[in-house]
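Here is a short briefing to read alongside the model on your screen. Take a look at the structure, then follow the notes underneath.

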Amino acid sequence: MERLLNPYRPGAGTQPPALIGRDDIIGDFEVALRRAAAGMPGKSVVALGLRGVGKTVLLNRFSDIATQEGFKVGFVEAPETGEFRTHLAIRLRQILLELDQAGPVSAVVSAALGVLKSFVLTLPDGTSIQLSADASVGKADSGVLSEDLTDLLVAAGEAARARDTGILIAVDELQYLADEEFAGLIVAIHRTTQRNLPVVLSGAGLPQVPGLAGAAKSYAERLFDFLSVGELAFDEAAQVLTVPAAEADIDIAADAVTEMVRASRGYPYFLQEWGSAAWNAAPRTPIGIDDVTAARPAVRQALDESFFRVRLDRLTPKEREYLYAMATLGPGPHRSGDIAQRLGVKVESVAPRRSTLIRKGMVYSPAHGDTAFTVPLFDDFMLRTQGTRQSLQGRLLNEE
């Protein structure tokens, strides 16, 4: 069929043609946003899940809802480089300049710009973030991130309230925040909530985020609603495939739907890849099981190149060896001791490797001593591409 009219949209954080099965999470966010707008801020909403479940899609949806409600939105993808505060300052600069231009001169908004200027001057390259306001001496200039970020978000919240609006700070990839950054953000949001300011934090991250938040500040669990985002139930996954097709006057045979849901395991990103490839493979409506079979090589190639391999390429040979050992044990989760045994080493000797893989977002610990992949079906990818017939030691020598 005509590829130009293909309704499916596989991509990183790309809004799907039909956002199915997430109504409850979106509803929780809408309540939190509207309560903040009414001067009753509560818990912030954080979406948690594996790769490919649609966390970034939800965060973008939250941003759209906030914009529709009249909020100013600052969207930040937490970098692995430790430059979160700089990215946040850039977003808040845009928001405060918009507030400054939204009405007559306001002393509160001008004061917030001065606090931002002070904050910017504490950044490693703060001079590159241009602001004409004079720095507010004694505000956001201590060099202690938790104190300075609190001063900044309180000032921004007061400026938003003065303009009868609110601010949403949406942070993707929360697991990449450094301990100091996460602690600072938690302290700042805690203070704006205590002050009943219209500042809302929403976030998305891998399953280890609650543990990281709790380690940063013990009261974090009282500030956040951690909402699990997982694979879709069969009926929901089927709708992800059939609704966009029906809107284009295309039918999908029941057995074709069943096979695509089975192969994708109900993960939203995989469903988009299957729907897109099956559409392209089908000569006409309805899309049948033969079209799904014909689409299989294209789906595998797309997932291998754009979803799996880009993550594998970031790893050292030793890290790949660890993940390959995990894969030979099955989907997981697995005990750390079992992985070490498969590698033929003591568990203590590979603990640093495991910690690095957690920091890189490749694995997480669902329970003490357990390790699981953050990427669905990554075990299958490792077994297919890394060679099941070679010994682990032999693979490592070949790669090094």
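The notes below cover a pocket and two residues.

This is a predicted model, in which local features need pLDDT of at least 70 and side-chain atom pairs count only at pLDDT 80 or more, while totals for chains, interfaces and linings use all residues. Residues are numbered from 1 along each chain as its sequence is written, and side-chain values use heavy atoms, leaving out hydrogens and water.

**The largest pocket**
- The largest pocket holds about 700 Å³ of space.
- Its lining is made up of 36 residues, and Gly11, Ala12, Gly13, Gly52 and Thr56 lie nearest the centre.
- Helix 11 (289-312) is among the elements that give two or more residues to this lining, and helix 11 provides the largest share, four residues.

**Aspartate 379**
- Aspartate 379 sits in helix 15 (residues 378-386).
- Aspartate 379 is buried (under 20% relative accessible area) yet has no salt bridge (a side-chain nitrogen of Lys or Arg within 4 Å of a carboxyl oxygen of Asp or Glu).
- The nearest side chain of opposite charge, arginine 265, is 6.1 Å away from aspartate 379.
- Beyond neighbours within four places in sequence, aspartate 379 is in contact (heavy atoms within 4.5 Å) with Ala327, Gly330, Pro331 and Phe373.

**Phenylalanine 234**
- Phenylalanine 234 belongs to helix 8 (residues 234-247).
- Phenylalanine 234 has a relative accessible area of 40%, so it counts as partly exposed (between the 20% and 50% limits).
- Not counting residues up to four places away in sequence, phenylalanine 234 touches Thr258 and Val261.
- The C-alpha atoms of phenylalanine 234 and arginine 265 are separated by 8.9 Å, with the two residues 31 apart along the chain.

Technical notes:
Buried means under 20% relative accessible area, exposed over 50%, partly exposed in between (1.4 Å probe, protein chains only). Lys and Arg count as positive and Asp and Glu as negative; His and the chain ends are not counted. On a 1 Å grid over the protein atoms alone, a cavity is a set of points where a 1.4 Å probe fits but cannot get out, and a pocket is an open set with protein on both sides within 12 Å along at least five of seven lines; lining residues have an atom within 4 Å of a point. Grid points are joined across faces, edges and corners, and a volume is the space filled by probe spheres set on the points.
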